[in-house]
Structures are given as structure tokens and as C-alpha cells.
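The following note is intended for a colleague who has not yet examined this entry. Please read the numbered points with the sequence and structure at hand.

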Amino acid sequence: MPAGKGFNCPPPHSGILVLVGFGVVSCGLSESAIVARVNGELWDLLRPLEADSSVELLEFDNEAAKAVYWHSSAHLLGAAMEHLYGGLLCRGPPTEYGFFYDIFMNG
């Protein structure tokens, strides 16, 4: 949403992406957004807006959005490795260039 552009959303608020339904945010931006910055804090896109807020949708080219994407991807990779291989996750932080997981395989 352009800076300074206001929008009134009647309750109940179903989440930040409700802005798409009201035509405030384009479908293209809603599909490429990773995370929202609401009043200076990072919020999940499905988290309901609770009050008057400043909302910025962040895409992958934003460093904060990239970190959130890689952090979530590391969790998905870890869950898949546990489920598929039955290993024990050791560590798997997101890094500056992506993410990884070390896994201990017994036997």
C-alpha cells in the first residue's frame, strides 16, 4: 500500500491479506509477499489486524522477508527429514545464503 494511504477495514478482520479483498493491495503483491511489517514488527500474513495499523507487505528481495522465508523453510526441511528418514535433527539455522539441517542417522 502506498505510504500515507489510509484504509478502513470493518471488523472482524480476517488477516492482513483481507486487504486484497478490499482492493487495497494487488493480487500480484499478495502472491509474492512473504511477511508483513505491522507497526514496525514482523507479522504472519494470516494474523488478524487488531487496531489501526501501518502495514507494509515485504517480498523476497527484502532482507527481513528473506530471513523469515529461510527460517520457515529450514523448519519444513527438518520436519520432512525426521518423517522420511527418522533421524535426529542436530542444528539447522538459516544462514546469510539460505538454510540447512544437520541430521544424526542411527545405524
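1. A salt bridge is understood here as a side-chain nitrogen of Lys or Arg within 4 Å of a carboxyl oxygen of Asp or Glu. The model is a predicted one, and it holds three such salt bridges.

2. Confidence should be considered before any detail. The mean pLDDT of the chain is 78, with 71% of its residues at 70 or more. Among the elements, strand S2 (residues 41-43) has the highest mean pLDDT, 93, whereas helix H1 (residues 18-21) has the lowest, 58.

3. As to overall architecture, the chain contains three helices and seven strands. Along the sequence these follow the pattern α-α-β-β-β-α-β-β-β-β. Of contacts between residues at least 6 apart in sequence, 36% join residues at least 24 apart.

4. The chain has 107 residues, of which 27% count as buried. About 7200 Å² is exposed, and carbon and sulfur atoms supply 56% of that area.

5. The first salt bridge to be discussed joins Arg37 and Glu56, whose closest N and O atoms are 3.3 Å apart. This pair links distant parts of the chain, since Arg37 belongs to strand S1 (residues 33-38) and Glu56 to strand S3 (residues 55-59), 19 residues apart. Arg37 is partly exposed, with a relative accessible area of 26%; Glu56 is likewise partly exposed, at 38%.

6. A further salt bridge connects Asp102 and Arg91, at 3.2 Å from N to O. Here too the pair links distant parts of the chain: Asp102 lies in strand S7 (residues 102-104) and Arg91 in strand S4 (residues 88-91), eleven residues apart. Asp102 has a relative accessible area of 33% and is therefore partly exposed.

7. The remaining salt bridge to be described is formed by Lys66 and Glu63, with the closest N and O atoms 3.8 Å apart. Both residues lie in helix H3, three residues apart, which is about one turn of the helix. Are the two partners buried or exposed? Lys66 counts as buried because its relative accessibility is 17%, under the 20% limit. Glu63, at 57% relative accessibility, counts as exposed.

8. Attention is also drawn to a nonpolar patch on the surface, formed by Leu84, Tyr85 and Met105, with about 370 Å² of accessible area together. Leu84 lies in helix H3 (residues 63-85). At 60% relative accessibility, Leu84 counts as exposed, the limit being over 50%.

Key. Residues are numbered from 1 along each chain as its sequence is written. This is a predicted model: local features need pLDDT of at least 70, side-chain atom pairs count only at pLDDT 80 or more; totals for chains, interfaces and linings use all residues. Side-chain values use heavy atoms; hydrogens and water are left out. Patches are made of residues with over 30% relative accessible area and no salt bridge: like charges are joined within 9 Å, nonpolar side chains (Val, Leu, Ile, Met, Phe, Trp, Tyr) within 5 Å. Accessible areas come from the Shrake-Rupley method with a 1.4 Å probe; for residues, only the protein chains shown count as cover. Helices (H or I, at least four residues) and strands (E, at least two) are DSSP runs, numbered from the N terminus. Buried means under 20% relative accessible area, exposed over 50%, partly exposed in between (1.4 Å probe, protein chains only). pLDDT is the predictor's confidence in each residue, from 0 to 100. Contact means heavy atoms within 4.5 Å.
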